[in-house]
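Work through the exercises below with the sequence and the model open. Each task is followed by a stepwise solution.

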Amino acid sequence: MSASSDPVREFLRHTVATVAYRGGKAIRGAPAGFAAFQAGPSSRTAVEILAHLGDLFEWATSMARGQQVWNPVTPQSWDQEVERFFAALKGFDDALAADAPLGIPAERLFQGPVADSLTHVGQLAMLRRLAGAPIKGENYSKAEIRAGQVGAEQVTPRMEFD
């Protein structure tokens with residue numbers, strides 16, 4: 001069965017595209033200084049959360065390719081971590097789209113790094129609000145999210161609200 005005919009892999013690719021869409025919305029247009037913003041003294045800064053997202057998708061890619069490599073990095077600048085986040089999403093999506101068998105079941109990829117990433121994208125959105133720079137709400141079920149669309153450039157939201 002090719003990757004494109006496997007409904008589980010295609011659903012996982014759609015989920016990764018959803019992370020790109022929602023994550024892109026949470027990080028796009030962040031105000032100056034947002035990278036250092038944190039909810040409290042013992043919580044991660046916004047750039048630390050973003051770097052962790054990159055770590056998660058690099059880990060996911062390694063697992064999809066039959067390895068188990070966890071290599072957390074020291075956060076770089078906000079712009080560098082934004083670039084790394086989208087590059088890591090692309091690497092993982094490419095691994096999912098390949099015809100090679102996955103190194104672990106797709107369900108384990110979902111329950112580990114992918115599900116964790118949804119939590120952290122939500123944290124970034126919440127930090128935006130706490131920092132006084134909220135993102136607009138949206139009816140995400142109406143968004144044009146497609147498997148493979150995992151870069152920084154995303155479609156214009158269809159149904160936003162304040």
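A residue counts as buried under 20% relative accessible area, as exposed over 50%, and as partly exposed in between. The model used here is a predicted one.

**Exercise 1.** Decide whether arginine 158 is buried or exposed, then describe its surroundings.

Solution.
1. Locate the residue: arginine 158 belongs to the loop between S1 and S2.
2. Apply the cut-off: its relative accessibility is 55%, and the limit for exposed is over 50%, so arginine 158 counts as exposed.
3. List the contacts: leaving aside neighbours within four places in sequence, arginine 158 touches Glu138, Lys142 and Glu144.
4. Look at the side chains: those of arginine 158 and glutamate 144 are joined by a polar contact of 3.0 Å.
5. Add a reference distance: threonine 119 is 39 residues from arginine 158 in sequence, and the two C-alpha atoms are 23 Å apart.

**Exercise 2.** Make the same decision, buried or exposed, for glutamine 154 and find the partners of its side chain.

Solution.
1. Glutamine 154 sits in the loop between strand S1 (137-138) and strand S2 (160-161).
2. Its relative accessibility is 15%, which is under the 20% limit, so glutamine 154 counts as buried.
3. The side chain of glutamine 154 reaches the backbone oxygen of glycine 151 at 2.7 Å.
4. A polar atom of that side chain also lies 3.3 Å from the backbone oxygen of glutamine 149.
5. Not counting residues up to four places away in sequence, glutamine 154 touches Ala20, Tyr21 and Gln149.

**Exercise 3.** Compare the span of helix H2 with the expected value, and state how covered the helix is.

Solution.
1. H2 covers residues 46-64, which is 19 residues.
2. From first to last C-alpha the helix reaches 27 Å, close to the 27 Å expected at 1.5 Å a residue.
3. Of its 19 residues, 17 are buried, and H2 is thus described as mostly covered.
4. Just after H2, glycine 66 has a positive phi of about 90 degrees.

**Exercise 4.** Classify the ring pair of phenylalanine 57 and phenylalanine 92.

Solution.
1. A search of the whole structure gives 6 aromatic pairs.
2. In this pair, the ring centres are 5.9 Å apart and the planes meet at 45 degrees. Stacked requires under 30 degrees and edge-to-face over 60, so the pair is tilted.
3. The pair links distant parts of the chain: phenylalanine 57 is in helix H2 and phenylalanine 92 in helix H3 (residues 78-97), 35 residues apart.
4. Both phenylalanine 57 and phenylalanine 92 are buried.
5. Elsewhere, ring pairs join Phe34, Phe37 and Trp78 into a cluster.
6. A ring can also face a charge: arginine 22 lies over the face of tyrosine 140, 3.7 Å from the ring centre.

**Exercise 5.** Describe the chain as a whole: which elements does it have, and how compact is it?

Solution.
1. The chain has 4 helices and 2 strands, in the order α-α-α-α-β-β from the N terminus.
2. Its radius of gyration is 16 Å, close to the 15 Å that the globule rule gives for 162 residues, so the chain is as compact as a globular protein of that length.
3. Along the principal axes, the C-alpha atoms fill a box of roughly 50 × 35 × 20 Å.
4. Of the 162 residues, 44% count as buried.
5. Among contacts with a separation of 6 or more, 76% come from residues 24 or more positions apart.

Key: Residues numbered from 1 in each chain as written. Predicted model: local features only at pLDDT ≥ 70, side-chain atom pairs only at ≥ 80, totals over all residues. Heavy atoms only, no water. Buried < 20%, exposed > 50% of the residue type's maximum accessible area, 1.4 Å probe, protein only. Polar contact = N/O pair within 3.5 Å; in protein donor to acceptor, adjacent residues only side chain to side chain. Contact = heavy atoms within 4.5 Å. Expected span 1.5 Å × (residues − 1). Phe/Tyr/Trp six-rings, centres within 6.5 Å; stacked < 30°, edge-to-face > 60°. Lys NZ or Arg CZ within 6 Å of the ring centre and 35° of its normal. Rg over C-alpha atoms; globule rule 2.2 N^0.38 Å.
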